[in-house]
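Please look over the structure below, then follow the walk through its side-chain pairings.

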Amino acid sequence: FVFTYTFKIPFVNGYTHIGDSMIFLAIVFLGWKKAPLAACIGAALADLIGGYSAWVAPTFIIKFIMALICALIMEKVIKNNKIVGYIVGAILGGVWQIVAYTVVKIFLFDKAYAFSSLPTLAIQTVVGVVVAAVFIVVFDKTKVTAKLKKMVG
């Protein structure tokens, strides 16, 4: 919620943010059972409080599935290599997010708006993946990941 609501860059019909980075980071700490719910609640709450009420339900669903895709790939499909699992999962989850938001925008607005916002959404997603990857590498090297996982349980 904090990174979506606080650190946002407004655009004509919405905003972009770095909240996705925290969703991807939460996946590492919370796992596939908890991270999707944390992701969708935080992101939907940011839309609700930020005045984008039409986006609350789509965001809730899209972010839940995005986090679930990433987490399941990282923990169940490519579990032997955390970094590769994270990258593949984040890319596939990110692609899901881009496609899903574009489809919703077509229904809420029109095709022109939906496709014109693709670059912004793609940049937001890529930045989220990269920022989270930096945190993950730093946290792993400093043993923060192991400590936080113990705290979260």
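What follows covers a buried glutamine, the salt bridges and the cysteines.

This is a predicted model. Start at Q97, in helix α4, which spans residues 82-108. Is this residue buried or exposed? Q97 counts as buried because its relative accessible area is 0%, and the cut-off for buried is under 20%. Its side chain still has a polar partner. That partner is the side chain of T125, at 2.8 Å in a polar contact. T125 also appears in the contact list of Q97, which leaves aside neighbours within four places in sequence. The other entries there are D20, I62, K63, M66, L121 and Q124.

Two names on that list, D20 and K63, lead to the next feature. Side chains of opposite charge can pair when their charged atoms come close. How many salt bridges does a search of the whole structure find? The count is two.

Take D20 and K63 to begin with. They form a salt bridge, and their closest N and O atoms lie 2.4 Å apart. The pair links distant parts of the chain. D20 sits in helix α2 (residues 19-49), while K63 belongs to helix α3 (residues 56-77). The two are 43 residues apart. Both partners are buried. Q97 contacts both D20 and K63, and Q97 is itself buried.

Now move to K82 and D140. Their side chains meet in a salt bridge, with 3.0 Å from N to O. This pair also links distant parts of the chain, being 58 residues apart. K82 is in helix α4, and D140 is in helix α6 (residues 118-141). Helix α4 is also where Q97 is found. Are these partners buried, partly exposed or exposed? K82 counts as partly exposed because its relative accessibility is 26%. D140 is partly exposed too, at 28%. Both values fall between the 20% and 50% cut-offs. The D20 and K63 pair, by contrast, is buried.

Finish with the cysteines. How many disulfides does the structure hold? There are zero. C40 is in no disulfide, and the nearest cysteine sulfur, in C70, is 15 Å away. Why is there no bond from C70? Its closest cysteine sulfur, that of C40, is 15 Å off, so the gap is too far for a bond; the cut-off for a disulfide is 2.5 Å. Burial does not set these two cysteines apart. C40 is buried, with 0% relative accessible area. C70 also counts as buried, at 0% relative accessibility.

How values were computed
Residues numbered from 1 in each chain as written. Predicted model: local features only at pLDDT ≥ 70, side-chain atom pairs only at ≥ 80, totals over all residues. Heavy atoms only, no water. Helix = DSSP H or I, 4+ residues; strand = E, 2+ residues; numbered from the N terminus. Buried < 20%, exposed > 50% of the residue type's maximum accessible area, 1.4 Å probe, protein only. Polar contact = N/O pair within 3.5 Å; in protein donor to acceptor, adjacent residues only side chain to side chain. Contact = heavy atoms within 4.5 Å. Salt bridge = Lys/Arg side-chain N within 4 Å of Asp/Glu carboxyl O.
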